[in-house]
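Biologist: I should like a close look at the surroundings of a single pocket in this model. Please begin with one residue there and work outwards from it to the rest of the chain.

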Amino acid sequence: LLSCTDRFNFDKIHGCDISEPMITAGQARYGLGNTLFVEDCLTFDYSGYDVVFFYRPLQDDDAETAFETRLIETLKPGAFIVGAGQVSLDDNRKVVAKDDQHSIFKRL
């Protein structure tokens, strides 16, 4: 959806989900082709990204914490995380909150 708006100017936007039917539907509906791909957020390498947005991909707090840990461990220093519904970023010393609501973080 970010790629369909003129509010943000990103060179590239990628999206992933573990559900192949969801990716196929997104590719067809928005014409995004291979910029949407099937991937497991718990094993993905986020090091190629400057900004990562997520909206609570996992309902279980322990699984969500594992995802957030993986994200931080593979994300390069200086990259930003926009995490709606995050559960563990406030407690991680490798990121700093950049807003009062604690939904935007910078990787140290």
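Modeller: In this predicted model, Cys16 touches Ile23, Phe37 and Glu39 once residues up to four places away in sequence are set aside. Cys16 itself belongs to strand S1. Its relative accessible area is 33%, and Cys16 is therefore partly exposed, since that class lies between the buried limit of 20% and the exposed limit of 50%. The chain also brings Thr35 into this region: Thr35 is 19 residues from Cys16 in sequence, with a C-alpha to C-alpha separation of 8.4 Å.

The pocket that you ask about is the largest one, with a volume of about 1700 Å³. Its lining is made up of 39 residues, and Cys16 is one of the five closest to the pocket centre, together with Ile13, His14, Gly15 and Phe53. Four elements each give two or more residues to this lining: strand S1 (15–17), helix H1 (20–30), strand S2 (36–38) and strand S3 (51–55). Which of these elements gives the most to the lining? It is S3, with five residues. By class, the lining has 26 nonpolar residues, beside seven polar and six charged ones.

S3 leads from the pocket to the core. The largest nonpolar core has 14 residues, and those with the most contacts inside it are Tyr46, Leu71, Leu75, Ile81 and Leu89. S3 and helix H2 (61–74) are the elements that give two or more residues to this core, and H2 has the largest share, with three residues. Leu71 shows how parts of the chain meet here: beyond its neighbours within four places in sequence, Leu71 is in contact with Tyr46, Val52, Phe54 and Ile81. Tyr46 and Ile81 are thus partners of Leu71 and are also listed among the core residues with the most contacts.

Between S3 and H2 runs a loop that holds Arg56 and Asp60. Arg56 has a positive phi of about 35°, although Arg56 is not a glycine. Asp60 has a relative accessibility of 45% and so counts as partly exposed. The side chain of Asp60 reaches the backbone nitrogen of Ala63 at 2.9 Å.

Phe54 provides a further link, as it is in contact with Leu71 and also with Gln86. Gln86 is placed in the loop between strand S4 (80–84) and strand S5 (95–97). Is this residue, Gln86, buried or exposed? Its relative accessibility is 14%, which is under 20%, and Gln86 therefore counts as buried. Apart from neighbours within four places in sequence, the contacts of Gln86 are Phe54, Glu68, His102 and Phe105. The side chain of Gln86 makes polar contacts with two backbone atoms. One of its polar atoms lies 2.8 Å from the backbone nitrogen of Leu89, and the side chain also reaches the backbone oxygen of His102 at 3.3 Å. Leu89 in turn is one of the core residues with the most contacts.

His102 is found in the loop between S5 and S6. With a relative accessible area of 34%, His102 is partly exposed, because this value falls between 20% and 50%. Its phi is near 55°, a positive value in a residue other than glycine. Not counting residues up to four places away in sequence, His102 touches Gln86, Asp90 and Ala97. With Asp90 there is a polar contact of 2.6 Å between the two side chains. By contrast, the C-alpha atoms of His102 and Tyr30, which are 72 residues apart along the chain, are separated by 30 Å.

Lys98 is likewise placed in the loop between S5 and strand S6 (104–107). Phe80, Ile104, Phe105 and Lys106 are the residues that Lys98 touches beyond four places in sequence. Phe105, a partner of Lys98, is also in contact with Gln86. Lys98 and Val82 are 16 residues apart in sequence, and their C-alpha atoms are 9.8 Å apart in space.

The path can be retraced briefly. From Cys16, close to the centre of the largest pocket, one passes to S3, which gives the most to the pocket lining and also contributes to the nonpolar core. Phe54 then leads to Gln86, and Gln86 leads to the backbone of His102.

Notes. Residues numbered from 1 in each chain as written. Predicted model: local features only at pLDDT ≥ 70, side-chain atom pairs only at ≥ 80, totals over all residues. Heavy atoms only, no water. Buried < 20%, exposed > 50% of the residue type's maximum accessible area, 1.4 Å probe, protein only. Polar contact = N/O pair within 3.5 Å; in protein donor to acceptor, adjacent residues only side chain to side chain. Contact = heavy atoms within 4.5 Å. 1 Å grid on protein atoms, 1.4 Å probe; cavity = no way out; pocket = protein on both sides within 12 Å on 5 of 7 lines; lining within 4 Å. Points joined across faces, edges and corners; volume = space filled by probe spheres on them. Nonpolar A, V, L, I, M, F, W, Y, C, P; charged D, E, K, R; others polar. Core = buried A, V, L, I, M, F, W, Y, C linked by side-chain atoms within 4.5 Å.
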